[in-house]
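Biologist: Please take a close look at one helix and its surroundings, and walk me through what packs around it. Start with the chain as a whole, then work inward.

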Amino acid sequence: MPTHGTFLWCDLSALNLDQASRFYGDLLGWQVANGDYLIASSEAGPVAGLFSMPEMFRKIGMPSFWMSYMAVRDIEAAVATAREHGGKVEIGPEPFPGGGKFALIRDPLGAGFTVFEGGSPAGATDGAGGRLGHGLFVSDASAVIPFYEALFGWVFGPANAGVRTISADGEIVAHLHEIPDPALRGKEEYWAVIFQAAAGTAKRLTSLGGTALAQTRLPEGAATMARDPDGAMFFFVEDGPAPARTGPPMLWAWVGLGLIAIAIATGWGWIGALFFAVWVVQGLRSGMTYLFQPIERTTAPLAYWLTLGSFGLLGVFSVLGYG
């Protein structure tokens with residue numbers, strides 16, 4: 001039986017199953033078997049399931065969506081634990097096609113996932129088209145960490161620029177991404193699936209009917225955040241070297257150095273106030289600030305607010321002190 005709290009599968013609930021089969025087959029090189037529940041495979045083996053979206057989700061206007069599956073020892077106990085810690089059970093427990101039982105759960109912020117009890121294909125993770133990883137993207141890590149600790153016994157690592165490792169039985173199984181700004185995260189809280197793709201996949205995405213939402217850096221590598229033709233969001237990381245950055249990445253660093261030089265030459269206090277204001281705004285947006293070390297709002301709220309408050313006061317004094 002798979003280890004409790006590990007990831008073992010993913011599938012797509014598709015509005016247009018034929019279109020989805022063609023899109024992912026062309027984009028990721030999958031071979032898709034026929035049937036009510038389609039198995040998509042890369043050269044290394046089975047990767048994901050594809051099936052037609054249930055009517056209950058169509059009625060509420062759901063777009064197509066990817067679902068991550070986690071193993072549990074006892075699905076009845078898992079469902080009870082989820083409810084006790086603020087989760088919502090949408091479906092199940094019910095029999096899964098081919099054996100086992102599953103339940104669809106939402107965490108306290110609404111991110112959906114499936115728990116599974118029984119034998120299941122682990123999914124291919126090697127080479128182009130493989131399932132590379134899973135990521136939880138939420139606005140507030142503190143709102144969901146106790147839930148997942150109770151449900152899976154997961155251990156969360158310290159935040160590094162808002163990203164935490166998620167470990168089960170001593171092995172990293174996924175990453176948590178705390179992104180408070182919905183303009184960067186998207187309006188929802190969600191689990192995302194990350195696939196391995198052949199070099200050049202991003203260049204073909206639009207011509208196949210997909211949409212590139214963003215280029216980003218994930219622990220798994222330089223990634224494209226994308227939507228398929230029916231709106232399902234996913235990530236893929238291409239083989240080969242990371243794509244070149246666009247634009248001048250050091251622009252704002254040089255602007256900052258120029259402002260420091262001007263402040264030294266002129267004694268203008270408002271420049272110092274501008275720096276402190278930027279640090280306050282960045283801290284409020286990201287939930288993290290720095291004073292010799294990272295200080296997170298969720299894990300050290302007193303130090304976080306005292307630091308931002310101090311930056312604000314120093315900004316005021318910068319202006320008043322110099323006139």
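Modeller: Of the 323 residues in the chain, 44% are buried. This is a predicted model. Its secondary structure comes to nine helices and 18 strands. The chain exposes about 16,100 Å², and carbon and sulfur atoms supply 59% of that area. Take the contacts between residues at least 6 apart in sequence: 62% of them join residues at least 24 apart.

Now the helix. The one to look at is α3, residues 75–84. Its buried residues are Ile75, Ala78, Val79, Thr81 and Ala82. These residues sit on the same side of α3, because they cover an arc of only 165 degrees around the axis. The helical repeat is worth recalling here. An α-helix has 3.6 residues a turn, so residues three or four places apart point the same way. The other side of α3 has Arg83 and Glu84, which are exposed.

Next, the two ends. At the start of α3, Asp74 turns a side-chain oxygen toward the backbone nitrogen of Glu76, within 3.1 Å. After α3 comes Gly86, with a positive phi near 95 degrees.

What lies over the buried residues? The cover of α3 includes three strands, β6 (88–95), β7 (101–106) and β8 (112–117). It also includes a helix, α4 (145–152). Follow the strands first, then α4.

The strands lead into a sheet. β6, β7 and β8 belong to an open sheet of eight strands. The order is β2-β3-β4-β1-β5-β8-β7-β6, and the pairing is mixed. β6 is one edge strand, and β2 (31–32) is the other. Each of these two pairs on one side only.

Go along the sheet from β8 and you come to β5, then β1. β1 covers residues 7–14 and β5 covers residues 65–71. The two run antiparallel and are joined by six bridges. Asp11 has Met67 in β5 as its bridge partner. β1 also pairs with β4, residues 45–52. Here the strands run parallel, with four bridges. In β4, Gly49 stands opposite Asp11. Asp11 thus gives you a reference point toward both β5 and β4.

Beyond β4 is β3, residues 38–42. Five bridges join β3 to β4, and the strands run antiparallel. The bridge partner of Ser41 is Pro46 in β4. A hairpin of two residues connects β3 to β4.

Back to the cover of α3, and to its aromatic residues. Phe113 and Phe147 form an edge-to-face aromatic pair. Their ring centres are 6.3 Å apart, with 65 degrees between the planes. Phe113 lies in strand β8 and Phe147 in helix α4, so this pair ties together parts that are 34 residues apart in sequence. Both Phe113 and Phe147 are buried.

A second pair is Trp154 with Trp191, again edge-to-face. The figures are 5.9 Å centre to centre and 65 degrees between the planes. Trp154 is in the loop between α4 and β10 (155–156). Trp191 is in strand β13, residues 190–197. The two are 37 residues apart, and their pair links distant parts of the chain. Trp154 counts as buried because its relative accessibility is 2%, under the 20% cut-off. Trp191, at 5%, counts as buried too.

These four rings belong to one aromatic cluster, made up of Phe7, Phe113, Phe147, Tyr148, Phe152, Trp154, Phe156 and Trp191.

One more stop: the loop between β7 and β8, where you find Leu109. Leu109 is partly exposed, with a relative accessible area of 27%. Setting aside neighbours within four places in sequence, Leu109 is in contact with Val138, Ser139, Asp140, Ala143, Val144 and Glu189. Glu189 is 80 residues away from Leu109 in sequence. In space the two are 6.5 Å apart, C-alpha to C-alpha.

To put the helix back in its place: α3 has its buried residues on the same side. Their cover includes β6, β7, β8 and α4. From there, Phe113 in β8 pairs across to Phe147 in α4.

Notes
Residues are numbered from 1 along each chain as its sequence is written. This is a predicted model: local features need pLDDT of at least 70, side-chain atom pairs count only at pLDDT 80 or more; totals for chains, interfaces and linings use all residues. Side-chain values use heavy atoms; hydrogens and water are left out. Buried means under 20% relative accessible area, exposed over 50%, partly exposed in between (1.4 Å probe, protein chains only). The arc is that of the directions from the helix axis to the C-beta atoms. Contact means heavy atoms within 4.5 Å. A polar contact is a pair of N or O atoms within 3.5 Å; within protein, one must be able to donate a hydrogen and the other to accept it, and residues adjacent in sequence count only if both atoms are side-chain atoms. Rings of Phe, Tyr and Trp (its six-membered ring) pair if their centres lie within 6.5 Å; planes under 30 degrees apart count as stacked, over 60 as edge-to-face and the rest as tilted. Accessible areas come from the Shrake-Rupley method with a 1.4 Å probe; for residues, only the protein chains shown count as cover. Two strands pair if DSSP finds at least two bridges between them.
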